[in-house]
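Got your viewer open? Here is a short tour, one selection at a time.

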Amino acid sequence: MTPHKLSLVSVRKSFGERRVLADVSIDVASSEVIAFIGSSGSGKSTLLRCVNLLEPVDDGAILLDGIDISDPGLDPDPIRRRIGMVFQSFNLFPHLSVLDNVALAPHRVGRSNRSDARDRARDLLARFGLADKTSAYPDQLSGGQQQRVAIARSLAMDPEVMLLDEITSALDPELVGEVLDVVRELKDQGMTMLLATHEMAFAREIADRVCFLHEGSILECASPDRLFGNPREERTRQFLQRVVDSGRM
Amino acid sequence: MSDLPGTGASGPTRRQLYERRQRRRSIVVAVASTLIVVGAIVVLVPKTPGWYRVRRSFFNGETFAETFPRLAEAFVLDLKIFAWCAPCILVWGLLLALARGVRTPALFPLRLFAAAYTDVFRGVPVILTILLVGFGIPGLGLDRPWNSPYLWGSVALVLAYSAYVAEVFRAGIESVHESQRAAARSLGLSSGQTMRHVVLPQAVRRVVPPLMNDMVSLQKDVALISLIGPIEVLRQAGIDKSKFANFTPYLGAALLFILLTIPETRIVDHLQNRQRRRTGATAIR
């Protein structure tokens, strides 16, 4: 058996009566990048939130390095440290400077001392072209800068897997590029990533596999060329057609 | 086009001219209406049949001069009581607010206690809490200093006001968006760390103006302690009233409170305006 970095086994999740994830299974290899596409409400975000244990799954299992992390009896905090998450609306801490946004978790959770955490944060920010923004506050930055800070904040915990939840959806079109550059860099370093995205061109470029989600199920998963070029499922074809028609591809 | 006002490249814009005109007009109207109202009061009130007596018993210059220094001295006690009650109220109120948010089953009694506490002390008039605590507890026959009315009066104020303040803190905590918690938890912060480093700092900032309001209100309610004995400014004014058979000392006491609360409320207004500016909303005229 090949060792999978992350496996979802028959994951189900409902909010009350509404079924959001219906039997989702997928194996993700180390350093693999998976893009989830699908219309709004198809369950992309919920899927990522479940992997980060922000939402408890109703049934099924999520395995990280073969260990079931979705066991309700487990303390989720140490697991979350190993999985980074970046949100559509950045969710930076508005009362902390950019530097402290990045240094907070390593200092408080990672137990590195404050000045080490800050040095490390400064390096990360510099890597993403934010060296001159360390003392600014989130509200003083552009959306693209804020999202790059959010990625740096997540990386500061040295996660083994990154979950990117529509990280460019809230950005002006001219700011999308700078954020995607950061994701490209992560891929080059071999980061395992799951991303929910509306950026079809980017999904095609960066993902090893693209999965089409429809009404809480993965209808098909394939290499980008195959999925975009020759979708097997009728619904996938319809979705891609709508994307093309709306001028987003 | 050149005959339109304010279209010159260097002169004021049309908008600026309009606003200047409006501003001038508002000032004229405000001054005129104030003069009319104040004039009416000055002319009409002395015409009332009882004005002579009211002036003698409430606006007596001699009595004022004689009693005011003593009142000011007594007011220091009000300030002292305020100074030790306010921090206790803020700390105790915050702890109550945090206790209400506790979700651990083992600590359910704590949550229940905090909820019952705020219900009780928000429901009972402050004055009754002071009377019940101030007369009831020393009635247990405790020795000095444990029978002091200062102590139990202060305790009563802390009990009553911490219930209000706890609700203010709770509203602030609940106003911090869930996504902030999600971001903190996703980094591996525990729920306690999330509260301490992410939620509370934002919540406290948001509730500073309403908290200041409660503090101004506390400043005035300190006078209620006079009911159980301590000679603070209201009590002193009552004594002087009896001594001089004149109500002017009450006016002096009121003046002392105003001297303190007006700057306080201005600070509150200033903080509220600053916050409004920060969140980006502008006043609609």
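How many helices and strands does the secondary structure of chain A come to? There are nine helices and ten strands, taken as DSSP runs numbered from the N terminus (helices are H or I, at least four residues; strands are E, at least two). This is a predicted model, where local features need pLDDT of at least 70, side-chain atom pairs count only at pLDDT 80 or more, and totals for chains, interfaces and linings use all residues. Residues are numbered from 1 along each chain as its sequence is written, while chains are lettered from A and ligands numbered from 1 in the order in which they are written.

Start by selecting chain A. Its C-alpha trace spans about 55 × 45 × 35 Å along its principal axes. Of its 249 residues, 44% count as buried (20 or more other C-beta atoms, placed from the backbone, within 10 Å of the residue's own).

Next, select residues 98–108 and 114–127 of chain A, which are helix 3 and helix 4. They pack at an angle of about 125 degrees, with axes 8 Å apart (axes are lines fitted to C-alpha atoms over the stretch in contact, and angles run from 0 to 180 degrees between N-to-C directions). Show side chains at the contact (C-beta atoms, placed from the backbone, within 7 Å): helix 3 of chain A brings residues including Val98(A), Leu99(A) and Val102(A), and helix 4 of chain A offers, among them, Ala117(A), Ala121(A) and Leu125(A).

Now color that contact by residue type: nine residues are nonpolar, one is polar and four are charged (Ala, Val, Leu, Ile, Met, Phe, Trp, Tyr, Cys and Pro count as nonpolar, Asp, Glu, Lys and Arg as charged, the others, Gly among them, as polar).

How values were computed. Buried ≥ 20, exposed ≤ 12 C-beta atoms within 10 Å, placed from the backbone. Contact = placed C-beta atoms within 7 Å.
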